[in-house]
Amino acid sequence: MKKPISYLTLDASLLSWLSDKLRLAPAELPGAKDLQESLEDLLQTPGSCLMVEAQPGDTPPPAPDAIQCRDLVIQPRFRRVTRAGQDIPLTPKEFDILCFLARNRGEVFTKEQIYQAVWESEYLMDASNIMAFIRKLRKKIEPNPDAPQYIQTIWGIGYKFTDEG
């Protein structure tokens, strides 16, 4: 399996700041001391580089603007959705609907309100279109689409996103 590799350029002031923060890190923080020493070496050796590898199984924390409900994480900035650490591929409109409902969790929306919030251009509103998107979303994000935990139907009104369950 290929590992993704990212390159990051840090200037001396940022390296110094990070090194200072690591110096104050709790002793039980794994790898903090090694990273601090490596950063200090990097500060003293112009043109050098440092390779850092995450431990297998480590999952990065969600972005600050992420919406998290139980094991479902929605990262609007990256247009990324994961459940239990597994990526869930969504179409752009599926993502937009999910993100809209999740940002307004607990609030009930009619199909027309969802449509108006997600479709920016003129498009023929069709209630069955929204129902089809919700059905596809449930198949992708719900552990059991027949007993949805995240996107719930409010009979006679519409849908709501909930983190209760």
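Which residue of strand 3 does V73 stand opposite? The legends below describe close-up views of a predicted model, and the view of strand 2 and strand 3 gives the answer, T82.

**View A. Strand 2 and strand 3 form a hairpin.** Strand 2 covers residues 72-75 and strand 3 covers residues 80-83. The two strands run antiparallel and are joined by 4 bridges. In this pairing V73 of strand 2 stands opposite T82 of strand 3. Between the strands lie 4 residues. R79, in the turn, has a positive phi of about 50°.

**View B. Strand 3 and strand 4 form a hairpin with 2 residues between the strands.** Strand 4 consists of residues 86-87 and pairs with strand 3 in the antiparallel sense. The pairing runs over 2 bridges. R83 has Q86 of strand 4 as its bridge partner. A84 takes a positive phi near 55° in this hairpin.

**View C. Strand 1 pairs with strand 2 in the antiparallel sense.** There are 3 bridges between strand 1 and strand 2. I67 stands opposite I74, a residue of strand 2.

**View D. An open sheet is formed by 4 strands, with helix 3 packed on it.** The strand order is 1-2-3-4, and the pairing is antiparallel. Strand 1 (67-69) and strand 4 are the edge strands, each pairing on one side only. Helix 3, residues 92-103, packs on the sheet and touches strand 1, strand 2 and strand 3. The direction of helix 3 makes about 105° with that of strand 2.

**View E. Helix 1 passes helix 2 in a left-handed crossing.** Two packed helices are described by the angle between their axes and the distance between the axes. Here the axes of helix 1 (residues 12-23) and helix 2 (residues 32-44) come within 9 Å. They cross at roughly 150°. The two helices are therefore roughly antiparallel to each other, since angles over 145 degrees count as such.

**View F. Residues from both helices make the contact of helix 1 with helix 2.** On helix 1 the contact is made by A12, L15, S16, L18, S19, L22 and R23. On helix 2 the contributing residues are A32, L35, Q36, L39, E40, L42 and L43. By class, this contact has 9 nonpolar, 3 polar and 2 charged residues.

Notes
Residues numbered from 1 in each chain as written. Predicted model: local features only at pLDDT ≥ 70, side-chain atom pairs only at ≥ 80, totals over all residues. Heavy atoms only, no water. Axes fitted to C-alpha atoms, helices over the stretch in contact; angles between N-to-C directions. Parallel < 35°, antiparallel > 145°, perpendicular 65-115°, else oblique. Left-handed = near helix turned anticlockwise from the far one by under 90°. Contact = heavy atoms within 4.5 Å. Nonpolar A, V, L, I, M, F, W, Y, C, P; charged D, E, K, R; others polar. Pairing = 2+ DSSP bridges.
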